[in-house]
Amino acid sequence: IALQTDARAQFAEIVKEFQHATFLKSRGVHRRSKIIFFGPPGCGKSLTAHALAGALKLPLYTVRFDSVIGAYLGQTATHLRQLFQFAETNECVLLFDEIDALGKRRGNPTEVGELDRIVIALMQELELSEVRGLVIATSNLPENLDAALWRRFDLQVRFPAPNRREVAQFVRAKAKAFGVRLSKKLMIQASNLKSYADIERLIEDEARR
């Protein structure tokens, strides 16, 4: 995964904390277990969640929001409680991919009051639950998230769009992996793209041809 140096170091610390959780607890120190990744789409947030699960040798479960959000008053809060109860009794990575659907900023006059209650329920679960693995949330629209929601996460990691140097490195690595000859035209096309996902798709398309 293409990651900036400081982000890679932070994830290495999370893995170590998980591996030495018992020792930390004996010293009265809690390991970090609730993380949010934010930044533009296609820059590795979901992929990093899967990689962390692999590094920790834990199963990863992605939350289906269409199954969580209920039609009746209080139903969504009940479903959230069930999700966090599962994470409290099972070592796993629980992934809220694009949590923007649940954590929108409260007080919008165009939204119904139930959405505010959902945000409150989510914040309560994040604050009070003690999960055995990790809870990871991703957001493409961090400016739309409720300000109080951010404090409920132990770690906030920004995934910026790649700069020109990072794009060039990624293109070369992917071209080598797919066995694609890196022409000047292909390099120019890749340099105009804004995310790792789009670059990988471009190289893979060339590999198919």
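This is a short talk on the overall build, one strand pairing, two pockets, the cysteines and two unusual backbone angles of a single protein model.

Let me begin with where the values come from. The model is predicted, so local features need a pLDDT of at least 70 and side-chain atom pairs count only at pLDDT 80 or more, whereas totals for chains, interfaces and linings use all residues. Residues are numbered from 1 along each chain as its sequence is written, and side-chain values use heavy atoms, with hydrogens and water left out.

As for the whole, the protein has 10 helices and 5 strands, where helices (H or I, at least four residues) and strands (E, at least two) are DSSP runs numbered from the N terminus. The C-alpha trace spans about 55 × 50 × 25 Å along its principal axes. Of the 209 residues, 42% count as buried; buried means under 20% relative accessible area, exposed means over 50%, and partly exposed lies in between, with a 1.4 Å probe and protein chains only. If we take the contacts (heavy atoms within 4.5 Å) with a separation of 6 or more, 75% of them are made by residues 24 or more positions apart.

Now please look at strand β5, residues 155-158. Which of its side chains are buried, and which are not? Leu155 and Val157 point to one face and are buried, while Gln156 and Arg158 point to the other face and are not. Strand β5 runs parallel to β1, residues 34-38, and 4 bridges join the two; strands pair if DSSP finds at least two bridges between them. In this pairing, phenylalanine 38 stands opposite arginine 158.

Next come the pockets. On a 1 Å grid over the protein atoms alone, a pocket is an open set of points where a 1.4 Å probe fits, with protein on both sides within 12 Å along at least five of seven lines, and lining residues have an atom within 4 Å of a point. Grid points are joined across faces, edges and corners, and a volume is the space filled by probe spheres set on the points.

The largest pocket holds about 550 Å³ of space. Its lining has 20 residues, and those nearest its centre are His30, Arg31, Ser33, Glu130 and Val131. The elements giving two or more residues to this lining are α2 (21-26) and α6 (113-128), and α2 gives the most, with 3 residues. By class, there are 6 nonpolar, 4 polar and 10 charged residues in the lining; Ala, Val, Leu, Ile, Met, Phe, Trp, Tyr, Cys and Pro count as nonpolar, Asp, Glu, Lys and Arg as charged, and the others, Gly among them, as polar.

The second largest pocket holds about 320 Å³, and 18 residues line it, with Gly42, Cys43, Gly44, Lys45 and Leu47 nearest its centre.

That brings us to the cysteines. How many disulfides does a search of the whole structure find? The search finds 0, a disulfide being a pair of cysteine sulfur atoms within 2.5 Å. Cysteine 43 counts as buried because its relative accessibility is 2%, and cysteine 92 is also buried, at 1%.

Finally, two residues that are not glycine have a positive phi of about 60°: lysine 57 and glutamate 98. Lysine 57 lies in the loop between α3 and β2 (60-62), and it counts as exposed because its relative accessibility is 75%. Glutamate 98 is in the loop between β3 (93-96) and α6, and at 43% it counts as partly exposed.
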